[in-house]
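Colleague: Got a minute for this one? Pull it up and walk me through it.

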Amino acid sequence: MAEKYEVIKPWHGVAVGDVVQLEKVHPSLKSHVRKLSDKASAELTPATPTATSRKEAIAARLTELGIEFKGNLGADRLAELLPDGELEKLFPAE
C-alpha cells in the first residue's frame, strides 16, 4: 500500500509542501520527503484559504480606481501610487 509523504526539498516537477504517494522511498529521495502521520494524511487544508498578499490587495484597489501601474513593482511602491487615505482603508490595523 502506498504511503503519503510531504515534500520538504523539491525536485523536478514537485514543489515544497506537495503530498506524494510512494510505494517505496528510494534512498536518494529519503532526505527530500517526510512521512505523514495517519491523522495528517487524512486531510490537509490550508490555514487561510482565502488570504491574499498585501501586494495583491493594493493592486486590486489600484485597478478599481483606474490607476495604471506596472505589475512588477513591490507592495511599497504600489502603495505610493494610492491616493491619500486609501492605504489606511485597505489595512486599518496597521
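Modeller: Start with a side-chain pair: E86 and R61 are joined by a polar contact of 2.7 Å. Keep in mind that this is a predicted model.

Colleague: Where does E86 lie?

Modeller: E86 is in helix α4.

Colleague: And is E86 buried or exposed?

Modeller: E86 counts as buried, because its relative accessibility is 9% and the cut-off for buried is under 20%.

Colleague: What does E86 touch, leaving out residues up to four places away in sequence?

Modeller: R61 and L65.

Colleague: Let's move to α2. How does its length work out?

Modeller: Helix α2 covers residues 54-65, which is 12 residues. At 1.5 Å a residue the expected span is 16 Å, and the end C-alpha atoms lie 17 Å apart, so the two agree.

Colleague: Which residues of α2 are buried?

Modeller: I58, A59 and L62. Looking down the axis of α2, the buried residues fall within an arc of 100 degrees, so they line one face of the helix.

Colleague: Why would residues three or four places apart point the same way?

Modeller: An α-helix has 3.6 residues a turn, so that spacing brings them round to the same direction.

Colleague: What's on the other side of α2?

Modeller: T63 and E64 are there, and both are exposed.

Colleague: And what covers the buried residues of α2?

Modeller: The cover includes α3, residues 75-81, and α4, residues 86-90.

Colleague: What happens just after α2?

Modeller: G66 takes a positive phi there, about 80 degrees.

Colleague: Different topic, rings. How many aromatic pairs?

Modeller: The count is zero, with a pair requiring ring centres within 6.5 Å.

Colleague: Then what sits over the ring of F91?

Modeller: The charged end of R54, at 4.6 Å from the ring centre. R54 also belongs to helix α2, which runs over residues 54-65.

Colleague: Now zoom out. What is the secondary structure of the protein chain?

Modeller: There are four helices and three strands. Along the sequence the order is β-β-β-α-α-α-α.

Colleague: How much of the chain counts as buried?

Modeller: 19% of its 94 residues.

Colleague: And the contacts between residues at least 24 apart?

Modeller: They make up 31% of the contacts between residues at least 6 apart in sequence.

Key
Residues are numbered from 1 along each chain as its sequence is written. This is a predicted model: local features need pLDDT of at least 70, side-chain atom pairs count only at pLDDT 80 or more; totals for chains, interfaces and linings use all residues. Side-chain values use heavy atoms; hydrogens and water are left out. Rings of Phe, Tyr and Trp (its six-membered ring) pair if their centres lie within 6.5 Å; planes under 30 degrees apart count as stacked, over 60 as edge-to-face and the rest as tilted. A charge sits over a ring if NZ of Lys or CZ of Arg is within 6 Å of the ring centre and within 35 degrees of the ring normal. Helices (H or I, at least four residues) and strands (E, at least two) are DSSP runs, numbered from the N terminus. The expected span of a helix is 1.5 Å times one less than its number of residues. Buried means under 20% relative accessible area, exposed over 50%, partly exposed in between (1.4 Å probe, protein chains only). The arc is that of the directions from the helix axis to the C-beta atoms. Contact means heavy atoms within 4.5 Å. A polar contact is a pair of N or O atoms within 3.5 Å; within protein, one must be able to donate a hydrogen and the other to accept it, and residues adjacent in sequence count only if both atoms are side-chain atoms.
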